[in-house]
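The following exercises are to be worked through with the sequence and the model in view. Each task is followed by a solution in steps.

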Amino acid sequence: MSKYWEPLLSGIGNDEVTPTRRKHSKWKYFFTLCIQSLGVIFPEISTSPLLVEYWKEEGGHHHAPHEDEVVGWISMVIWALIVQATFKYMIFITRVDNHHEGGTFSLCSLLLQRKTKLNGFTKNVVRIVSILGACLIIAQGAITPAVKISRAVSGLNDFLPEGHKLASNPENVKIAILGITFVLVFVMFQLNRFGASRFGYIIGPICFLWLLFLSFLGVWQITKYPAILWALNPYSIFTFFQHSLKSKGIKHCLEPIGRAFIVIAGMEILYTDMGHFGAKPIRFCWFFLVL
């Protein structure tokens, strides 16, 4: 942890740095990094499930899900988060750092070191794959905010009173959604130019309140429907697929898998932004707040 709190104490004389003060400064800096990581890394991850609408309208009518479908689908989401984020990133990949830096090019640099003993052709393949991976991350960073903000803004249409002139005209609704989305995306990207540190200070507390709100809603709904706790059992996923195969066919088994991938979209930021905040603050936020 010294690499995170020593810069904070670099301007203080040795006669002023007591063990107690050093310890307090260490934890103060650690929780500062946690707040900043909440504002930079976790907003995308904590809002990804909002993009998923599994029980959509079919033929103008809402699909009434079977109990096994609900438990199986929630189980799929839970175990996708556990396997992809907890096991893959938090436990394994965040340990593979290049001088405390993460990301595609950090992995590329590690693979191109002499001790890996790769031949020239393999190294060129690694370079090309790394460039393609970086391009995908840049594209996702440009597209995903607009998609999520437009989805959130479109939900405001449900709160308009019946007979409102805006709600009665679908074209006006689309124009309003595009306009509000454009303004919000423009403001968000303008805030990015101030750096990850200041951006994290602004968005971090908001994301913290959002996660607390989700926790409250989760506990409240569990008290109303305690049977949903069966979703913690991964066997519910197999029951879900078994019921879907019998009633709807293979097509409706593949669709929820694709929707589960939407839930875990953006998990690569856990590794790519590791150099900004360090692995320990990211792990702390994930295990004690986000998960």
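Two residues are in contact when heavy atoms of theirs lie within 4.5 Å. The model is a predicted one, in which local features need pLDDT of at least 70 and side-chain atom pairs count only at pLDDT 80 or more, while totals for chains, interfaces and linings use all residues. Residues are numbered from 1 along each chain as its sequence is written, and side-chain values use heavy atoms, with hydrogens and water left out.

**Exercise 1. State how many helices and strands the protein has, and what share of its residues is buried.**

Step 1. Helices (H or I, at least four residues) and strands (E, at least two) are DSSP runs, numbered from the N terminus. The protein has 13 helices and two strands.

Step 2. A residue is buried under 20% relative accessible area, exposed over 50%, and partly exposed in between (1.4 Å probe, protein chains only). Of the 291 residues, 31% are buried.

Step 3. Among contacts between residues at least 6 apart in sequence, 78% join residues at least 24 apart.

**Exercise 2. Compare the expected span of helix H9 with the distance between its end C-alpha atoms, and determine where its buried residues lie.**

Step 1. The expected span is 1.5 Å times one less than the number of residues. For the 13 residues of H9 (residues 235–247) this gives 18 Å, and the end C-alpha atoms are 19 Å apart, which agrees.

Step 2. Ser-236, Ile-237, Phe-240, Phe-241 and Ser-244 are the buried residues of H9. Seen down the helix axis, they fall within an arc of 140° (taken from the directions from the axis to the C-beta atoms), so they line one face of H9.

Step 3. Tyr-235, Phe-238 and Lys-246, on the other side of H9, are exposed.

Step 4. The cover over the buried residues of H9 includes helix H4 (67–92) and helix H10 (251–263).

Step 5. After H9 comes Gly-249, with a positive phi near 100°.

**Exercise 3. Is Ser-75 buried or exposed, and which residues does it touch?**

Step 1. Ser-75 belongs to helix H4. Its relative accessible area is 0%, so Ser-75 is buried.

Step 2. Not counting residues up to four places away in sequence, Ser-75 touches Ala-231, Asn-233, Pro-234, Ser-236 and Ile-237. Two of these names, Ser-236 and Ile-237, also appear among the buried residues of H9.

Step 3. The side chain of Ser-75 reaches the backbone oxygen of Ala-231 at 2.8 Å.

**Exercise 4. Describe the largest nonpolar core and the contacts of Trp-286.**

Step 1. A nonpolar core is a set of buried Ala, Val, Leu, Ile, Met, Phe, Trp, Tyr and Cys residues joined through side-chain atoms within 4.5 Å. The largest has 37 residues, and those with the most contacts inside it are Ile-41, Phe-42, Ile-45, Met-267, Leu-270 and Trp-286. H4 gives the most to this core, with eight residues.

Step 2. Leaving aside neighbours within four places in sequence, Trp-286 is in contact with residues including Phe-42, Ile-45, Leu-81, Met-90 and Met-267.

**Exercise 5. Classify Asn-98, His-99 and His-100 by accessibility.**

Step 1. Asn-98 lies in the loop between H4 and helix H5 (104–111); His-99 and His-100 are found there too.

Step 2. Asn-98 counts as buried because its relative accessibility is 15%. His-99, at 71%, counts as exposed, whereas His-100, at 43%, is partly exposed.

Step 3. Although not a glycine, His-99 has a positive phi of about 55°. The phi of His-100, also a residue other than glycine, is positive and near 70°.

Notes. A polar contact is a pair of N or O atoms within 3.5 Å; within protein, one must be able to donate a hydrogen and the other to accept it, and residues adjacent in sequence count only if both atoms are side-chain atoms.
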